Amino acid sequence: SEKNKDDIIPMDVSLSQFTEQVLQNEGEGEEEETSKNMEVVKQILDSIYAKTAGTSIQHYGVNEGAREEVSWDYTESNYRTEHCFAELVEYFMQQIDQINDKNKKKEGGGRDCTMIELHTSTPIVKISSSSLVVLSRQQQQQNNNNNNNNKKRRVWLTTREGVRYVCDKVIVAVPLAVLKAQMIQFCDDYVLPPAKQDAIDTIQMHSGMKAHMLLRYGVDIIYPEDNNNDDDDD
């Protein structure tokens, strides 16, 4: 039996193409006004849908986006801070102070006491390695027999101001844009493998936009049950 036309899933098109088709059909005879509206609508859709998915409306498929929107489970929870994001920062700063105080009491508060330090506004521009500990001849011979290096490697982090931090281990968690712009030099033992560098150069992550809106209950937000209650009062 023949399929109903409504059951046939059309070929997917980009959100940009879809927007153009819809607005052009609705704005026949008003090309200049339609063109202006189209750019505004595209920017809004790009921010709401495409940027959220880490892409652009030129690559965001309408059908695939619709299927994801329908199947997405938003739940009834609303996870947000009561006032602003600064609350989270303040909370974790307090947690760090408590950990440092506990370590001071536990380890006697000496120079070698384990402490958590936060350094802000000091961008790391270089990650390199250095042989800081030279082993004895006996240790060298033992390592050579095991096909290991005869020196212990540690990590050097260099800030934009030229300050160096020496670490045993480092976790690099920076935005993709920082890696693509090569704002951090990976040197010596930490030069990125060609496959990873190729992935960084290939993957696209477009910019996004965050909009804050103040909505007034009863003016900007009106629920159907509110209208029903008004009718009952009358």
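This is a short tour of a predicted model, with a few residues to select at each stop.

**Stop 1: a nonpolar patch.** Start by selecting Phe85, Leu88, Val89, Tyr91, Phe92, Met93, Ile99, Ile116 and Leu118, and show them as a surface. Together they make a nonpolar surface patch of about 860 Å². Now pick out Ile116 from that group. Where does Ile116 sit? You will find Ile116 in the loop between helix H4 (86–107) and strand E1 (124–134). Its relative accessible area is 37%, so Ile116 counts as partly exposed.

**Stop 2: one face of a helix.** Next, select helix H3, residues 62–71. Which of its residues are buried? They are Val62, Asn63 and Gly65. Turn your view to look down the axis of H3: the buried residues fall within an arc of 160°, so they line one face of the helix.

**Stop 3: a loop between two strands.** Move on to Arg160, in the loop between strand E2 (151–159) and strand E3 (164–167). Is Arg160 buried or exposed? With a relative accessible area of 58%, Arg160 is exposed. Then add Val125 to your selection. Arg160 and Val125 are 35 residues apart in sequence, yet their C-alpha atoms are 5.7 Å apart in space. Setting aside neighbours within four places in sequence, Arg160 is in contact with Pro123 and Val125.

**Stop 4: two cysteines.** Finally, select Cys167 and Cys187. Cys167 is buried, at 17% relative accessible area, and Cys187 is buried too, at 18%. A disulfide is a covalent bond between the sulfur atoms of two cysteines. How many disulfides does a search of the whole structure find? The search finds 0.

Conventions:
Residues numbered from 1 in each chain as written. Predicted model: local features only at pLDDT ≥ 70, side-chain atom pairs only at ≥ 80, totals over all residues. Heavy atoms only, no water. Patch = residues over 30% accessible without salt bridge, like charges linked within 9 Å, V, L, I, M, F, W, Y side chains within 5 Å. Areas by Shrake-Rupley, 256 points an atom, 1.4 Å probe, with all protein chains shown as cover. Salt bridge = Lys/Arg side-chain N within 4 Å of Asp/Glu carboxyl O. Helix = DSSP H or I, 4+ residues; strand = E, 2+ residues; numbered from the N terminus. Buried < 20%, exposed > 50% of the residue type's maximum accessible area, 1.4 Å probe, protein only. Disulfide = S-S within 2.5 Å. Arc of directions from axis to C-beta. Contact = heavy atoms within 4.5 Å.
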